[in-house]
Every structure is written in structure tokens, then in C-alpha cells.
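Trainee: Please show me the model, and let us then discuss one strand and one pocket.

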Amino acid sequence: MGIEKGIFQRTELLLGKDSMSKLAQKRVIIFGIGGVGSWCAESLVRSGISNLTIVDSDRVCVTNINRQLLATTQTVGQVKTDVLKQRLLEINPKAEITALQKIYSKETHDSFELENYDYIIDAIDSLENKVHLIRKATETNATLFSSMGAALKVDPTRIRVAEFWKVDGCPLGAMLRRKIRKGEKLKKKFLCVYSDEVLENKGAAATCGTEQCLCPKSKNGPGDPDLVNHEWCSLKARINGTTSHIPAIFGFTIAGLVIKAINESE
């Protein structure tokens, strides 16, 4: 028995040979590999997805360690996509993992060739870029799954899956719907993972306070030189608290939706 056969033996036992073949053939792209996207990527590769593109512009920050799969004290400062690609290939050395250290935006979206994918996963934070991705993804033949906000939450029993227009109690979902109502109609429906729990921050907002902090604009580092001093924290109206388990459950849930869809497909 080859190593690849052994890796997926238990999954094939449940899903069957035909589904494993379909999993290996589907092309998936994940935008954002932070608290939600990183766990989603890991689950997909462990489940048999072997053609995966991961997109993120950031390097690992010490404040990522509490919730992002790829973040450890040993990876701070490294390019997120590079770190995650290495880990995913350690899980399945035969997987085709494309790592793109890029920002998805109105200006860059053509370069991603969304029409070439079977499944598109939206796990990005930027509201403007998220709206644009949703609009463009729903114009393709791909199936889109989107993550709503995973911050300010603790209770895993309040995590839900619903069609975008039926997401209830999620501030990010409400903002997205307001933005999209002002523009053109979406071409098709898609499912979202969300929670209606909204807690308040109890601690005081601050930088990480370490010498490894990336928030003050960095002057050097690995990866794309044009993104060396890029970070999202300073662009946010405020930073919200997060836990480790909620983003991970969001990511695993999206991965589960992808596996379920492929398993049930003709």
C-alpha cells in the first residue's frame, strides 16, 4: 500500500473509492489563510483534496499564534502561504499546493482566474475585497462558501450555516448585505458559516509589545518585497478579540461543506 493510499484509507472507508477520486480531481482556492482559512486548508488536504490554491498577503504575526494553524513562535515573520504550503505537503507530499502571496482586490482579481476552480472559499477580512470576491465568485460556475466574522465569540453551539441572505445576527453579514444591495444582484446563492453571538472586548487594545511585532511598518523580511511593510491591523477601525476554537470550527465547517458537496455530486 502506497503512502497516499494509507493516508486516506479511513476516509475512503467512509466515503468510498468514487468519492475519493472526485476529491482528488476538484480544484479549490482559499482566499485568506488566517484563523478560518488555515484550518479549512488543513482539513481539505487531510480529507483528500489534492489540488489546492492558498492566497494570503501577510507574514505571520505573534498575535496570530492564538488562533492560526500555521502560527507558532518558530514561524513569526515568515510568509503565511509558504509556511502553510510546507505543512500541507508534509501531510500529502503528492498534493499540488499553489501558494500565492497576493492581495485579492478589484485591481488584482483577474490574475486569480476564478473560472478555473470548482470551489471558491472566502475567508478574507477586508470588507471591500470580500464584497468584490463574492460578486465575482458568484458569476462563475464554481461553488462559493463564505466565512462571516469569527471574532467576539466563545460559544461553539451558536455556529450556524445558512444561505447568504438568511444569515441572521451577524454584524459582518449585515454589512455585506447592505453593500451588495447597493450594487448589482448576485448571480446565484451561496452558503455562509456564521454565529449570532456578539460579545464585547473586555481587554484593552494594544500592539503585541514584542520585538517581533510587524504592526510598525517593517523595512525588511521574506517574501514579496512589495508586501514587506504590508499588514492589515492598522487598516482596521478596531481590533476585536478572538479565541482559538471558534475560527477553527468555522474553517472545519467550510471544509465539511466542500467535502459533503463533492461526496453528493454526480
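**Strand β1 and the second largest pocket**

Trainee: Which residue stands opposite Ile29 in β4?

Mentor: This is a predicted model, in which local features need pLDDT of at least 70, side-chain atom pairs count only at pLDDT 80 or more, and totals for chains, interfaces and linings use all residues. Residues are numbered from 1 along each chain as its sequence is written, and side-chain values use heavy atoms, with hydrogens and water left out. Strand β1 (residues 28-31) and strand β4 (residues 119-122) pair in the parallel sense over 4 bridges, where pairing requires at least two DSSP bridges and a strand is a DSSP run (E) of at least two residues. Opposite Ile29 in β4 stands Ile120.

Trainee: Which residue of β2 stands opposite Ile29?

Mentor: β1 also pairs with strand β2 (residues 51-55), in the parallel sense and over 4 bridges. In β2, the residue opposite Ile29 is Thr53.

Trainee: Are the residues of β1 buried or exposed?

Mentor: Val28 and Ile30 point one way, and Ile29 and Phe31 the other way. In a regular strand the side chains alternate between the two faces of the sheet. With buried meaning under 20% relative accessible area (1.4 Å probe, protein chains only), all four named residues, Val28, Ile29, Ile30 and Phe31, are buried.

Trainee: Which element gives the largest share of the lining of the second largest pocket?

Mentor: The elements that give two or more residues to this lining are α1 (3-7), α2 (9-15) and α3 (17-25), helices being DSSP runs (H or I) of at least four residues. The largest share, 4 residues, comes from α3.

Technical notes. Buried means under 20% relative accessible area, exposed over 50%, partly exposed in between (1.4 Å probe, protein chains only).
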